[in-house]
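Biologist: I'd like to learn how to read a model like this one. Could you take me through it feature by feature?

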Amino acid sequence: MIRMSGVSMVYSNGSVALSDVTVGIKKGDFVFVVGPSGAGKSTFIKLLFREIAPTNGHLFVNGREVGEMPLSEVPYFRRQLGIVFQDYRLLPNKTVYDNIAFAMAVIEAPRREIQKRVDHVLDLVNLRDKARTYPTQLSGGEQQRVAIARAIVNNPVLVIADEPTGNLDPDTSWEIIRIFEHINRDGTTIVMATHDKTVVDTMKKRVIAFEKGRVARDQEKGAYGYEN
Amino acid sequence: MKIRTVEYFVGEAASSLRRNSLMSFASVSTVALSLLILGMFLVMVLNLNLMASTLESKVEITVYIQDNLSDHDQREIGTRITKLPGVSEVTFVSKDDALKRFRERLGAQQELLNALGDSNPLPDSFQVKMDKPDLVKTTAQSISEFKGVENAKFAQEVIDQLFVLTRLIRIVGVVLIVFLALAALFIISNTIRITVFARRREIGIMKYVGATDWFIRWPFLFEGMIMGFTGALIAILLLIKAYGMFTHQVYETLAFLPLLPQYPMLTHIGVFLLVIGAVIGALGSTISLRRYMNV
């Protein structure tokens with residue numbers, strides 16, 4: 001699913017965020033990306049959905065060479081991905097239903113298809129009864145569930161989550177992680193950057209740890225490995 | 001592009017126009033003002049052109065002949081003029097006739113002429129009518145070279161002045177319109193910038209879920225075009241009203257002045273202004289989108 005070889009990322013101000021990173025992630029994997037702040041986690045995540053392009057090296061995501069991709073193709077590339085952020089990024093003036101439907105509408109999906117898929121993902125995140133409410137009326141965990149529903153509504157092959165539980169209490173975090181686990185069981189690859197030690201240690205999934213822009217550790221069934 | 005998508009674009013544009021109603025109003029007014037002035041200049045230039053060509057087509061040449069020429073020589077000149085191409089009618093006006101006409105024209109003030117006593121300073125002349133207006137100038141030139149002809153005059157000066165005036169109005173108009181169009185562009189792009197800023201979250205999300213750049217741009221382009229279009233519409237209505245009042249005034253007081261009828265001239269100008277309005281709107285949006293959205 002993801003093949004990164006010899007990738008470096010130097011920002012225009014000269015700071016080196018990643019240097020010579022080589023990593024492979026198979027289809028259907030569930031991977032945690034950990035490491036201290038400024039270690040390169042965010043840069044790694046942003047490269048995956050072509051928010052930024054690598055300075056050096058090759059990056060293949062879902063069979064596409066992301067670094068060489070012309071900008072006009074980036075939207076079509078992103079339609080195969082689902083992206084979840086720490087701060088949910090919902091539109092406050094749209095209902096839960098419309099927030100999710102929006103992701104399909106902007107890629108011009110047929111209306112009947114939209115209704116079917118939105119109902120389906122609302123069931124999946126257990127928010128069918130909140131479809132007509134607005135994000136501000138929801139708890140943080142519920143808002144993140146809406147964001148996850150939006151991320152998966154277009155049937156992505158890869159879901160990228162950047163600290164999805166960063167703003168949530170432990171119980172709520174577990175709800176969110178269970179949803180990701182469920183999505184992963186259905187065959188979707190998950191790459192999640194996190195600071196949540198308990199979650200990483202309990203899940204026993206693959207862990208890629210970044211330090212100073214390099215991969216410091218890459219373990220199957222790994223642990224968080226840092227003191228929080 | 002699907003119809004539902006277009007509906008979505010227009011809906012988005014309309015809702016953001018409502019949200020920024022004050023800025024939208026300012027934009028529409030600026031466009032309306034610019035286009036109204038553009039329209040007025042067009043009307044003026046078109047009418048002046050008409051006046052110039054009417055004058056040209058009506059032109060007569062007055063040929064003054066030297067005093068103390070024999071009747072034979074006078075007749076000879078008359079015959080030669082008649083044979084020139086484009087000349088339709090030649091009338092002899094004797095100096096006595098000329099004085100009589102002059103008296104009539106002076107009306108109540110004809111006692112001024114009494115000072116002349118019995119002498120008559122006016123020369124004999126021919127009135128030459130032409131049916132080919134474009135030949136007037138050359139004909140007048142060749143007549144003035146005839147033996148015994150003092151000079152040959154036509155309304156050249158008036159026509160020249162009209163052309164100078166038309167040219168001047170064109171230059172002033174172009175400068176003014178460019179200036180106003182820039183102002184309209186500036187204010188529209190500012191309005192769109194505010195909209196873009198107000199919707200930056202939405203734009204960000206659209207990009208993450210894979211909306212194409214054009215899909216993101218269209219609502220803003222529509223918003224700009226709606227503003228430009230509305231401004232143009234207002235300008236057209238004002239122009240129709242103003243020109244109607246103006247022609248009415250002219251027909252009452254200066255009936256001889258040739259004016260273009262309101263239609264189809266205003267229809268053509270109207271279509272032109274609508275297109276210009278929409279173009280200004282779309283251009284204003286594009287400027288903002290390029291600078292503030294990177295799409």
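Modeller: Let's start with burial: buried means under 20% relative accessible area, exposed over 50%, and partly exposed in between, with a 1.4 Å probe and protein chains only. Helices (H or I, at least four residues) and strands (E, at least two) are DSSP runs, numbered from the N terminus. This is a predicted model, where local features need pLDDT of at least 70, side-chain atom pairs count only at pLDDT 80 or more, and totals for chains, interfaces and linings use all residues. Residues are numbered from 1 along each chain as its sequence is written, chains are lettered from A and ligands numbered from 1 in the order in which they are written, and side-chain values use heavy atoms, with hydrogens and water left out.

Biologist: How many residues of H5(A) are buried?

Modeller: 12 of the 13 are, so H5(A) is largely enclosed by the rest of the structure. Among the buried ones are A:Gln143, A:Val146, A:Ile148 and A:Arg150.

Biologist: What do the buried residues of H5(A) pack against?

Modeller: Contact means heavy atoms within 4.5 Å. In chain A, the partners are E6, helix H3 (96-105), helix H4 (111-124), strand E7 (158-162) and helix H6 (170-185), and H7 of chain B joins them.

Biologist: And A:Asp98, is that buried or partly exposed?

Modeller: A:Asp98 lies in helix H3 of chain A, and it counts as partly exposed because its relative accessibility is 33%. Its C-alpha sits 8.5 Å from that of A:Arg132, 34 residues apart along the chain.

Biologist: Now for empty space. How many cavities of 30 Å³ or more does a search of the whole structure find?

Modeller: Rolling a probe the size of a water molecule over the atoms shows where empty space is left. On a 1 Å grid over the protein atoms alone, a cavity is a set of points where a 1.4 Å probe fits but cannot get out, and lining residues have an atom within 4 Å of a point. The search finds 1 cavity of that size. Of the 14 residues lining the largest cavity, A:Ile83, A:Arg150, A:Ala151, B:Tyr208 and B:Val209 are the closest to its centre.

Biologist: Which element gives the most to that lining?

Modeller: E6(A), with 4 residues. Strand E6 (81-85) and helix H5 (140-152) of chain A, along with helix H7 (200-208) of chain B, each supply at least two.

Biologist: What scores does the model carry?

Modeller: Its ipTM is 0.88 and its pTM 0.72.

How values were computed: 1 Å grid on protein atoms, 1.4 Å probe; cavity = no way out; pocket = protein on both sides within 12 Å on 5 of 7 lines; lining within 4 Å. Points joined across faces, edges and corners; volume = space filled by probe spheres on them.
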